[in-house]
Amino acid sequence: MKNHVKDVSFSEEGLTKIEWADANMPVLESIRDEFEKSKPLKGLRVACCLHVTTETANLMRTLRAGGAEVKLCGSNPLSTSDDVAASLVKDFGIPVFAIRGEDDKTYYDHIESVLDMKPHVTMDDGADLISSLHSKRSELVGGVLGGTEETTTGVIRLKNMEKDSALKYPVIAVNESKTKHLFDNRYGTGQSTIDGILRATNTLIAGSVFVVAGYGWCGRGIAMRALGMGARVIVTEVNPVKGLEAIMDGFQVMPIEEAAKIGDIFVTATGNKHVIAAELFELMKNRAILANSGHFDVEIDVKGLEKAAKSKKRIRESAEEYVLPNGRKVVLLAQGRLVNLSAAEGHPARVMDMSFANQSLAAKHIKDNHSSLEKRVYTLPDEIDHQIAMLKLESLGVSIDELTDEQKAYLAAWQEGT
């Protein structure tokens, strides 16, 4: 099977969207121009398991401009834009295996189809590709030079693999780059999560009690944007340092069981399982809204909700209303999957510009340095982070200062004090 998309005839609309995103991704464009000349990825086979969005399409174009052969599958059953997938196949000749709403079997069949290329580099968002390769296609491991990982959940999985000595090749945790998590996770997730909730419900954020579970970079961004729209924001945490930080940032902090009784809107962003557990549903207000911005659909106990509910019905395109035994109703968005990609379009192109610049340069870094990398999780070198940040500043028309020779000497010495 050369590709598997919903309908190639959707390509015209997809191409228009890809070109619009590209106009807002100047850093990736500059890297693509350089890749076109130098071909640093020539001969590489890159297997990608990512959200199939307009921004991802431009990453695929950049990898191919660098000389790589690429194949793409979706990293979440509800995050594929079918028109973008169609355009990648028809207009750019890039094999894609992704259909919005695909079932679990099709999802993993698509991963297998991408792995059939016998990749030199794997590119993940959530680590399902690398997990499948290690568990089901281990015969391919010997040909892999390294991999990359885009998101927090995937990095957690990979670090656990490293800890258990199960990781069989080096992986660059792109999510750990400052030009990724400080911007994509905070500003991208913050804006796109609110966008997803609004598209799914058309609810009023102002005046609502908005509960954010988890105060990592994604949770920070969501809380910040909800506050900016007039919500009364509550944060729940298990980490005392992050809980203290949320307090210092001006938010209420309390256990999830207390927050469940007073929240109007709930968003999970922890990367963990059953953050909103089954026993919490009956504590909630009538028509409380439940959304998830973590990578996998495990943060809200959807199975527990299904089991407890007397009935459910679809009330809007991405919203289902569940009737609980106590007569109250709760509204679940996007089946508990990533609300920003399932009910909206994901992060804006301007912030994904830096994230995918990291992915592009990570692939080059692996090719150039794989022989010296061990079987563990790495971050990209600071100089690459700084290069991406400088390119972004230049695209914004912003200049910054440079250290003088005297200042460099002072920072490099220890003798001079007061």
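These legends accompany close-up views of a predicted model.

**View 1. The parallel sheet has 7 strands.**
This open sheet runs in the order β3-β2-β1-β4-β5-β6-β15. Its pairing is parallel. The edges are formed by β3 (96–97) and β15 (377–378), each pairing on one side only. Within the sheet, β1 (residues 45–50) and β2 (residues 69–74) are parallel partners joined by 6 bridges. One bridge can be located by residue: Val46 has Val70 in β2 as its partner.

**View 2. Helices α5 and α6 pack on the sheet of View 1.**
Helix α5 (residues 104–115) touches β1, β2 and β3. The direction of α5 makes about 175° with that of β2. Helix α6 touches β1, β4 and β6 (171–173). Here the angle is about 135°, taken between the directions of α6 and β4.

**View 3. Helices α1 and α3 cross at roughly 80°.**
The axes of α1 (residues 11–23) and α3 (residues 54–65) come within 8 Å. At that crossing angle, α1 is roughly perpendicular to α3. On the α1 side, the meeting residues are Lys17, Ile18, Ala21 and Asp22. On the α3 side, they are Thr54, Glu55, Ala57, Asn58 and Arg61.

**View 4. Asp125 sits in a loop and belongs to an annotated binding site.**
An unreviewed UniProt entry places the feature "binding site" at Thr53, Asp125, Glu150, Lys180 and Asp184. Asp125 is found between β4 (121–124) and α6 (128–135). Is Asp125 buried or exposed? Its relative accessibility is 9%, below the 20% cut-off, so Asp125 counts as buried. Beyond its neighbours within four places in sequence, Asp125 is in contact with Cys49, Leu50, His51 and Ser75, among others. The contact list also includes Glu149, Glu150, Thr151 and His295. Of these contacts, Glu150 is also named in the UniProt feature.

**View 5. Asp184 is a buried helix residue in that annotated site.**
Asp184 lies in α8 (residues 178–201). The relative accessible area of Asp184 is 3%, so this residue is buried. Which residues does Asp184 contact, leaving aside its neighbours within four places in sequence? They are Glu150, Thr189, His347, Val351, Met352 and Ser355. Glu150 thus appears in the contact lists of both Asp125 and Asp184.

**View 6. The span 185–346 carries a domain annotation from UniProt.**
The unreviewed entry gives it as "domain: S-adenosyl-L-homocysteine hydrolase NAD binding". Helix makes up 35% of residues 185–346 and strand 23%. The end C-alpha atoms of the span lie 11 Å apart.

**View 7. The mixed sheet has 8 strands.**
The order of this open sheet is β9-β8-β7-β10-β11-β14-β13-β12. Strands β9 (252–253) and β12 (311–316) stand at the edges. Each has a single partner strand, so one side of each is left without a neighbour in the sheet. An antiparallel pair is formed by β13 (residues 319–323) and β14 (residues 329–333), with 5 bridges. In that pair, Glu320 is bridged to Leu332 of β14.

**View 8. Strand β11 is largely enclosed by the rest of the structure.**
Why is β11 (residues 288–292) described as largely enclosed? The reason is that 5 of its 5 residues are buried. Ala288, Leu290 and Asn292 point one way from the strand. Ile289 and Ala291 point the other way. Strand β10 (residues 265–268) runs parallel to β11, joined by 4 bridges. Phe266 has Leu290 in β11 as its bridge partner. Strand β14 also pairs with β11 in the parallel sense, over 3 bridges. There, Ala288 is bridged to Val330 of β14.

**View 9. Cys48 and Cys218 are in no disulfide.**
The structure holds 0 disulfides. For Cys48, the nearest cysteine sulfur is that of Cys73, 8.4 Å away. A disulfide would need the sulfur atoms within 2.5 Å. Cys48 counts as buried, at 0% relative accessibility. For Cys218, the nearest cysteine sulfur belongs to Cys49, 18 Å away. Cys218 also counts as buried, at 17% relative accessibility.

Notes. Residues are numbered from 1 along each chain as its sequence is written. This is a predicted model: local features need pLDDT of at least 70, side-chain atom pairs count only at pLDDT 80 or more; totals for chains, interfaces and linings use all residues. Side-chain values use heavy atoms; hydrogens and water are left out. Two strands pair if DSSP finds at least two bridges between them. Helices (H or I, at least four residues) and strands (E, at least two) are DSSP runs, numbered from the N terminus. UniProt positions are given in the numbering used here, feature names are shortened, and annotations may be inferred rather than shown by experiment. Buried means under 20% relative accessible area, exposed over 50%, partly exposed in between (1.4 Å probe, protein chains only). Contact means heavy atoms within 4.5 Å. Axes are lines fitted to C-alpha atoms, for helices over the stretch in contact, and angles run from 0 to 180 degrees between N-to-C directions. Angles under 35 degrees count as roughly parallel, over 145 as roughly antiparallel, 65 to 115 as roughly perpendicular and the rest as oblique.
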